[in-house]
Every structure is written in C-alpha cells, then in structure tokens.
Amino acid sequence: MIRRLFFLLVLLALAWGAGFALFLFSLGKPLGAHRTDAVVVLTGGPGRIQRGLDALRREDARRMLVSGVNPDVRPRELAAQFPADRALFRCCVDLGHEAVDTRSNADETGRWARDHGYRSIRLVTSDWHMARARLELRHVLQGVSIVGDGVPSRPGWRMLLREYHKYLVRRGALLLGVD
C-alpha cells in the first residue's frame, strides 16, 4: 500500500514538473504582422496597450478592445497617454469597464466580439499570462480564432509558479464542467 502511494506521488510530481516545463516553453511570444478581425488588450501590464495600437496602426486589425479598464477612466484620458495615436482612439478603440479578472476579461471580450461579428482575435497580454487568458477566451469564444501576442516581461519564479497553478486549477474546473 505504501509502495503504491509513493509511486502515485512520484507520478504526480513528474506530471506536475513536465506540465510546468511545457508551461514555461509556451509563454506567449510577440506575434508581429498577422491579420485578425480585432485586437483585445487585457489591462494590467506595461506595453500591452501600445502593442495593440501598433497592430491597429499596421492595419493588422480593424478595431481594438481594451478590457478591464478602470470605470473612472474615459477614452480621452487614456488617449492622452498615447498622443501619437489619438486618431486611432477616436475611430477604433473601445474601452471595456466591466472586467476585474481574467475570467471576466473573457466574458467582456465574448460579448464585444459577438456584437461585432468577429471571427479572429489577436490577444495581447503579458507572456506569463497568455496560457490562462487564451484558455478563458477559447472557452467563451468557441469557433473564433485566437492568436496570442505576448508582451515580453521578466516574471520571477514565484509569479510563474502562481500563474501555472492558476492555469491548472482553471483548466481542471473547465474539464469538470465548472464554469
């Protein structure tokens, strides 16, 4: 009995380690030029909004949603931080004020994408956050192509381990049918 338990624990540890290695290799990479219907930027890290604006400027997408914006922030205030791109903000940028976490980012994005009839989305978030963000979006936007555009960062091991565990828990919940 103890031998079987030990064997099971060793298998679990090996599976966890292999999964973490795959997680590290799958960190989001910058996408570059790639055409999609829309860009979705999840707030919370430096360089994300600028990455989305760069895609709009290159005409890699028609419109952009910035999901998870503080409800007190108005488009004009956000545009002031990106003076060269004010015209883009006026024509092509929507601010989502409802999301407070990755799951609600996906819900907010899902409503926005369905309202506009988008079939392909460029997801912009930090490299370490890409796997879970893409998992949530794919759950909400079944049948919509989602390509990741990871913003490089320098996450520490604690951040990576925490994000990996969040990913595992959410993936397990979705596999069990828990929404």
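**Salt bridges, a pocket and a surface patch**

D149 is buried, with just 1% of relative accessible area. In this predicted model, D149 is also a partner in a salt bridge, its side chain meeting that of R122 with 2.7 Å from N to O. Distant parts of the chain are linked by this pair, since D149 belongs to strand 5 (residues 145-151) and R122 to strand 4 (residues 120-126), 27 residues apart. R122 has a relative accessible area of 0%. Because a residue counts as buried when that value is under 20%, R122 is buried, and so is D149. The two residues do not stand alone: a network of salt bridges links D149 and R122 with R51, R58 and D60.

How many salt bridges are there in total? The count comes to 11, and two further pairs are worth a closer look. In one of them, R132 joins E163, and the closest N and O atoms are 2.7 Å apart. Here again the pair links distant parts of the chain, with R132 in helix 6 (residues 130-140), E163 in helix 7 (residues 157-175), and their positions 31 residues apart. Are these partners buried or exposed? R132 is buried, at a relative accessible area of 12%, and E163 also counts as buried, at 3%.

The other pair is formed by D54 and R57, whose closest N and O atoms lie 2.8 Å apart. This salt bridge stays inside a single element: both residues lie in helix 2, three residues apart, which is about one turn of the helix. D54 has a relative accessible area of 23% and is therefore partly exposed. R57 reaches 45%, so R57 counts as partly exposed too.

Helix 2 also takes part in the largest pocket. About 180 Å³ of space lies in this pocket. Empty space of this kind can be found by rolling a probe the size of a water molecule over the atoms. Which residues form the lining? They are V41, L42, T43, G44, G45, R48, I49, V69, V73, E77, L78 and Q81. Two or more of the lining residues come from each of strand 1 (38-42), helix 2 (48-57) and helix 3 (75-80). By chemical character, the lining divides into six nonpolar, four polar and two charged residues.

Beyond helix 2, the loop that leads to strand 2 (63-67) contains E59. What is unusual about the backbone there? Most residues other than glycine have a negative phi. The phi of E59, however, is positive, near 65°, although this residue is not a glycine. E59 has a relative accessibility of 61%. Because the limit for an exposed residue is over 50%, E59 counts as exposed.

Finally, the surface carries a nonpolar patch of about 510 Å². Which residues make this patch? The contributors are F6, F7, V10, L11 and L14. One of them, F7, lies in helix 1 (residues 2-25). With a relative accessibility of 53%, F7 counts as exposed. This nonpolar residue of the patch can be set beside the charged pair introduced at the start: F7 is exposed, whereas D149 and R122 are buried.

How values were computed:
Residues numbered from 1 in each chain as written. Predicted model: local features only at pLDDT ≥ 70, side-chain atom pairs only at ≥ 80, totals over all residues. Heavy atoms only, no water. 1 Å grid on protein atoms, 1.4 Å probe; cavity = no way out; pocket = protein on both sides within 12 Å on 5 of 7 lines; lining within 4 Å. Points joined across faces, edges and corners; volume = space filled by probe spheres on them. Helix = DSSP H or I, 4+ residues; strand = E, 2+ residues; numbered from the N terminus. Nonpolar A, V, L, I, M, F, W, Y, C, P; charged D, E, K, R; others polar. Patch = residues over 30% accessible without salt bridge, like charges linked within 9 Å, V, L, I, M, F, W, Y side chains within 5 Å. Areas by Shrake-Rupley, 256 points an atom, 1.4 Å probe, with all protein chains shown as cover. Salt bridge = Lys/Arg side-chain N within 4 Å of Asp/Glu carboxyl O. Buried < 20%, exposed > 50% of the residue type's maximum accessible area, 1.4 Å probe, protein only.
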